[in-house]
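Q: I would like a close look at one part of this model, with the contacts described in some detail.

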Amino acid sequence: MAAAAFYDLEGTLVSTNLVHTLGFYAKNQQGLFRTFKKSASTLLSIPVFAVTDQYSRKVFNDLFFKRYKGESEDRLRFFAEELFEGVLKPAIYPGAIELIEKSRSLGLRQVVVTGALDLSVVPLMKYLGIDDYVTNRLEFVNGVATGRLLPPVVAAATKASWIRTFAEREGLSLSDSYAYTDSMSDLPMLSVVGHPAAVNPDMRLRQTALHHDWPILNLK
Amino acid sequence: MSLQLHRKTHESVVYIDRDSAPRIMPSGEDFILEDLPIGTRVIYPKPPIKGLPNREAAIRYALNHPHDCDPLFAQLYPGMKVTIAVDDISLPLPPMATPDIRQTVIEIVADMLAGHGVDDVHIIIANSLHRKLTEWEMKRMVGSKIFDEFYPDRYYNHDAEWAEGLVTIGHTKHKEPLRINRRCVESDLIIYVNINLVPMDGGHKSVAVGLCDYESLRSHHEPQTIRDSDSYMDPARSALNHKIIPLGKMVDEKLNVFHIETALNNRMYTGALDFLLKNEDDFTSFDRLKFETIRRTMSKLPRAARRKMLHSMPSQYEMIACHAGRTDAVHEKIIEKNFDQYVIPIKGQCDILVTGIPDISPYNVYSILNPLLVQVMALGYHFNFYRGKPLLKKGGVLILHHPCYDEFDHNFHPSYIEFFNRLLPETRDSFTLREKYEREFANNPSYIEMYRRGNAYHGAHPFFMWYWGENGRQHVGKVIAAGAENAHVPAMLGWDRADNLTEAIAMARSYMGRSAEITMLHQPMIGIADME
């Protein structure tokens with residue numbers, strides 16, 4: 001039976017996280033004043049993001065994506081390529097490409113399951129040759145972001161349920177599948193496959209991986 | 001009277017009588033004292049042969065007087081490409097006091113290369129599917145001078161999973177490939193620096209195994225080859241050796257290999273731990289004091305600290321021979337010297353073989369002796385230390401003494417954990433394991449990344465460890481793990497369990513009969529029982 005390798009993206013395959021993407025857009029605002037204002041407020045929000053992420057990924061998402069409110073869709077799409085070339089591409093971990101290539105050579109479907117935005121992820125997926133991915137999507141009204149995400153919000157348990165649905169639809173064996181993530185919030189995603197692995201894990205995930213005897217990879 | 005006569009058979013063979021002192025047995029990180037039944041034969045390591053007084057001179061002499069080829073200096077010319085390949089940290093055991101012999105050899109060779117205008121030189125650790133050495137270990141092995149000059153661009157570990165770094169140099173008659181490190185294949189000269197700790201090491205195994213990949217290795221690292229080896233410590237009767245020789249010949253046809261092999265004596269410890277190598281009947285008061293001090297100190301420490309302490313005590317081996325030149329001629333001389341040091345003539349097999357398992361193995365340097373490694377030390381290494389026929393009778397009982405703790409090193413042995421917990425409950429049959437699961441583990445992307453970018457043993461390595469115990473497993477009638485702190489580890493490995501050695505011997509006697517002959521290997525030891 002066919003199987004897949006499911007990857008979280010940020011922190012797992014690339015060293016950047018959601019805040020880097022937000023920071024990139026913040027410094028590419030229209031006019032110097034808006035750039036300064038947006039960059040400063042993003043910077044000041046970082047401690048709040050860090051605390052809420054520890055508390056709950058859902059609360060973090062609610063707060064975090066509000067920062068996109070008022071951004072035009074055209075502008076976000078326009079800068080996506082630049083974001084990839086300037087921020088994401090240099091941030092790909094050296095071991096990530098090896099891991100994907102090895103995994104692909106075994107006939108595993110390559111699937112990225114990420115809480116990042118579709119706009120920012122598309123060029124990276126093309127670069128990595130990954131056709132199957134699920135991302136978060138911003139809600140736009142009249143071409144302007146509302147600061148809310150369209151459901152389903154990809155995070156924590158939703159990642160696991162998306163993987164289960166995807167595997168069922170595509171006829172994939174989850175017990176023969178692999179999952180890679182760096183964050184404790186993705187524990188459900190690791191729990192639904194037969195071969196989970198922690199990649200560049202934070203302290204909490206490292207402890208959990210040790211407890212469950214999961215492999216711990218360092219792709220840096 | 002008969003016991004008195006027994007005592008004189010060999011200096012390394014001692015029989016327990018009424019007034020014998022209790023014997024020291026290592027059991028993991030502990031040392032225990034055991035009163036053995038009267039009549040038990042205890043085999044000690046052979047006393048060390050005197051080391052060469054000037055090892056630098058001996059190495060230089062070997063380089064200038066090689067076997068079956070021109071001296072090293074005569075093979076060098078400016079602009080040539082040279083690769084120095086070197087054995088990894090799996091030997092000697094424990095890691096030797098600095099300077100390591102490899103450091104001395106490489107320093108001499110590097111000077112000679114520089115003196116002849118050879119500057120395209122790489123040093124590659126022939127770790128095969130073993131874990132890659134850490135930066136600290138690499139530095140310790142060759143010394144700061146070589147390390148600072150070559151690391152990291154020109155001094156690195158072999159990578160058996162780097163497709164671009166490997167080249168197929170031929171196939172066996174069964175169409176199995178031999179894929180070797182590309183840098184070595186493209187070099188004008190490969191200088192292999194070896195330490196031959198046991199007779200299984202060195203020779204054609206050095207390049208053909210140390211620098212190959214998984215596909216090349218699996219043709220001979222398989223259960224039938226181990227079953228057919230009687231034993232794999234005896235090159236003449238080792239099926240493993242017979243399979244590797246044609247590969248080595250293939251290497252010799254395609255590559256220019258200059259082999260430097262060294263043999264060590266048996267001086268594993270001096271100073272604080274030298275009592276471990278002595279007959280307890282000959283202990284001085286100072287020996288007893290040292291033992292009690294170490295035992296009491298160790299008993300106050302947690303296991304991790306005890307392990308750390310033991311691993312920080314380097315071995316004190318001395319070089320007793322160095323030969324250089326073409327592989328076959330060099331290896332023959334070194335094996336002869338190995339046997340001079342290790343062979344102990346033994347008359348008669350035993351019904352019960354007792355062996356303590358010390359925290360020393362090729363695969364747990366600076367790490368944990370996990371259950372699979374306990375298995376490989378007992379049924380693999382300790383069982384195979386014979387020539388002629390096994391020390392233990394067919395169907396006899398092997399008693400090992402070890403806590404058998406369920407602990408694994410997550411960085412070094414990640415695939416061992418899955419092997420132990422997922423596969424062994426399903427089957428212990430080596431052939432089934434190989435056919436059903438070996439490739440899955442070998443190709444597991446997580447294990448490959450941990451091998452390549454970390455310090456993990458290759459995903460397939462636990463399988464080889466299991467096969468390594470195959471001839472022992474087929475030969476023994478029963479294995480009893482004495483001192484095992486839990487029931488599930490021995491059960492998973494297919495062994496019986498006993499609280500202590502006395503209970504284990506009683507169990508073994510009830511299986512083999514009251515008159516069962518008992519032999520104990522006095523660990524830590526490297527010795528080959530030469531069976532009459």
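Which domains does the domain assignment of chain B give, and how do the parts of chain B meet one another and chain A?

A: In this predicted model, the domain assignment divides chain B into domain 1 (2-47 + 340-531) and domain 2 (55-264). The centres of the two domains, taken over C-alpha atoms, are separated by 28 Å, and 30 residues of domain 1 of chain B are in contact with 27 residues of domain 2 of chain B. On the domain 1 side, the elements of chain B that give two or more residues are β15 (386-387), α15 (430-443), α16, α17 and α18 (470-475), and by class this side has 19 nonpolar, seven polar and four charged residues.

Helix α17 (residues 461-468) of chain B also packs with helix α13 (residues 371-384) of chain B, their axes coming within 8 Å and crossing at roughly 30°; because angles under 35 degrees count as roughly parallel, α13(B) is roughly parallel to α17(B). The contact is made by B:Leu372, B:Leu373, B:Val376 and B:Gly380 of α13(B), together with B:Pro462, B:Met465, B:Trp466 and B:Trp468 of α17(B), and by class it has seven nonpolar residues, one polar residue and no charged ones.

Turning to chain A, its contact with chain B takes 16 residues from chain A and 14 residues from chain B. On the side of chain B, the elements giving two or more residues are α14 (414-423) and α16 (445-453), with α16(B) supplying the largest share, seven residues. The residues on this side divide into six nonpolar, six polar and two charged.

Note on methods
Residues are numbered from 1 along each chain as its sequence is written. Chains are lettered from A and ligands numbered from 1 in the order in which they are written. This is a predicted model: local features need pLDDT of at least 70, side-chain atom pairs count only at pLDDT 80 or more; totals for chains, interfaces and linings use all residues. Axes are lines fitted to C-alpha atoms, for helices over the stretch in contact, and angles run from 0 to 180 degrees between N-to-C directions. Helices (H or I, at least four residues) and strands (E, at least two) are DSSP runs, numbered from the N terminus. Angles under 35 degrees count as roughly parallel, over 145 as roughly antiparallel, 65 to 115 as roughly perpendicular and the rest as oblique. Two residues are in contact if their C-beta atoms, placed from the backbone, lie within 7 Å. Ala, Val, Leu, Ile, Met, Phe, Trp, Tyr, Cys and Pro count as nonpolar, Asp, Glu, Lys and Arg as charged, and the others, Gly among them, as polar. Domain bounds come from an automatic or database domain assignment.
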